[in-house]
Amino acid sequence: MTTSVGNPGSTAAEYKRSPSHFTDRITADGADGWPVETGRYRLVVSRACPWASRALVVRRLLGLEDAISLAVADPLQDERSWRFTLDPDGRDPVLGIAFLGEAYAAREPGYDGGVSVPAIVDVPSGVLVTNDYPRITLDLATEWTALHRDGAPDLYPEPLRDEIDEVTEDVYRNLNNGVYLAGFAKSERAYERAYRNLFACWDRLSERLAGRRYLVGDTITEADVRLFTTLVRFDAVYHNHFKCNRNKLTEDPVLWAYARDLFQTPGFGDTVDFDHIKRHYYQVHTDINPTQIVPLGPDLSGWLTPHHREELGGRPFGDGTPPGPPPAAEEIPAPGRAGTGGA
């Protein structure tokens, strides 16, 4: 998610997402100059951001908490970029910076483009390595294997990669990014086009998942991670704030059960902070919500109700095992408890 105060769609009728500017990769062979190395890199996220949340989920599923440390930005950024005001003295304790933009400037002096999360920063130099959110999670799954926990799932299995790529492209174009195309549209025509494409994709996914537990194969893959981070925000933000209001997630029996299944799977729901999500969208997008009032709802208790998706079969982690509990410093209150921002 790129830093912007207000509507990043500017005056254009249709919102255009900027491509990732820094696309170096951290790989096992270090071909781009950034070799996989325990403790060398810091993952910077906002828990409000669906793109960053992908990296949070994958890091947890693969057990990379000790290999790559985590910096969590304040959900309320300003024109200076994502800020570390959640930390003592308003600075990240590892990188020593007050704003993520400082790492971007260290990488490219004079850089004046968008500052987005997720971002990975080289700790020794303080230089940004990458903000290429689609590639970050794929590389964590395929290049960091030597540092995966025992029992880590294969989130991007080679025999299924073409199918995963096909499914995730549809999900990205029409749903992950589609909610923004609807929410940031500056014309009725642009909004209605995004709305129709979004719910056409929604219906395809609901039909696909009616008889299978996961999107591709019989285990959790990258495709499920990418769909989950949009679905978990849908009723809290996108349905109302972005005018994606044909129906709520809770009104679709298939996708609601699918989302609850993933939410209750270790590594998914324990990375979700509804308070950060709601405060960011409703207080930062001032073009859409000039009052900055944050809704009290929706009721979040349903996320923990039975889903019965196990009746479809499937093995969440394949031949592997679920991750253990998150580190104490990364724990988030469950829905219905203090700090979730729900009713």
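**Note on helix 8, two cavities and the cysteines**

1. The buried residues of helix 8 pack against helix 6, helix 7 (222–241) and helix 9 (274–284). This is a predicted model, and the points below should be read with that in mind. In helix 8 (residues 253–263), 10 of the 11 residues are buried, so the helix is largely enclosed by the rest of the structure. The buried set consists of Val-254, Leu-255, Trp-256, Ala-257, Tyr-258, Ala-259, Arg-260, Asp-261, Leu-262 and Phe-263, and it therefore takes in the charged residues Arg-260 and Asp-261 along with the nonpolar ones.

2. The N-terminal end of helix 8 is capped by Asp-252, which places a side-chain oxygen 3.1 Å from the backbone nitrogen of Val-254. The side chain of Asp-252 also makes a polar contact, at 3.2 Å, with the side chain of Ser-206, a residue that lies in helix 6 (residues 188–209). Leaving aside residues up to four places away in sequence, Ser-206 touches Asp-252, Val-254 and Leu-255, and Val-254 and Leu-255 are themselves among the buried residues of helix 8.

3. Is Ser-206 buried or exposed? Its relative accessible area is 14%, and because the cut-off for burial is under 20%, Ser-206 counts as buried. As a separate matter of placement, Ser-206 and Gly-320 are 114 residues apart in sequence and 27 Å apart in space, taken from C-alpha to C-alpha.

4. The structure holds 2 cavities of 30 Å³ or more, and the largest cavity contains about 80 Å³ of space. Its lining is made up of Asp-24, Arg-25, Ile-26, Ile-120, Thr-130, Asp-132, Arg-135, Ile-136, Asp-139, Leu-140 and Trp-144. Helix 3 (residues 133–142) supplies the largest share of this lining, with 4 residues, and by class the lining of the largest cavity divides into 5 nonpolar, 1 polar and 5 charged residues.

5. The second largest cavity contains about 40 Å³ of space and is lined by Arg-47, Leu-56, Arg-59, Arg-60, Asp-270, Thr-271, Pro-326 and Glu-330. Of these lining residues, 2 are nonpolar, 1 is polar and 5 are charged.

6. Which residues does Glu-65 touch, not counting residues up to four places away in sequence? They are Arg-59, Arg-60, Pro-327 and Glu-330, and Arg-59, Arg-60 and Glu-330 also appear in the lining of the second largest cavity. Glu-65 is found in the loop between helix 1 (50–62) and strand 2 (69–72), and with a relative accessible area of 16% it is buried. The side chains of Glu-65 and Arg-60 are joined by a polar contact of 3.2 Å.

7. How many disulfides does a search of the whole structure find? The search finds 0. For Cys-49, the closest cysteine sulfur is that of Cys-244, and because the two sulfurs are 16 Å apart they are too far from each other for a bond. Cys-201 is likewise in no disulfide, the nearest cysteine sulfur, again that of Cys-244, being 12 Å away. Both residues are buried: Cys-49 has a relative accessibility of 0%, and the relative accessible area of Cys-201 is also 0%.

Methods. Residues numbered from 1 in each chain as written. Predicted model: local features only at pLDDT ≥ 70, side-chain atom pairs only at ≥ 80, totals over all residues. Heavy atoms only, no water. 1 Å grid on protein atoms, 1.4 Å probe; cavity = no way out; pocket = protein on both sides within 12 Å on 5 of 7 lines; lining within 4 Å. Points joined across faces, edges and corners; volume = space filled by probe spheres on them. Helix = DSSP H or I, 4+ residues; strand = E, 2+ residues; numbered from the N terminus. Disulfide = S-S within 2.5 Å. Buried < 20%, exposed > 50% of the residue type's maximum accessible area, 1.4 Å probe, protein only. Contact = heavy atoms within 4.5 Å. Polar contact = N/O pair within 3.5 Å; in protein donor to acceptor, adjacent residues only side chain to side chain.
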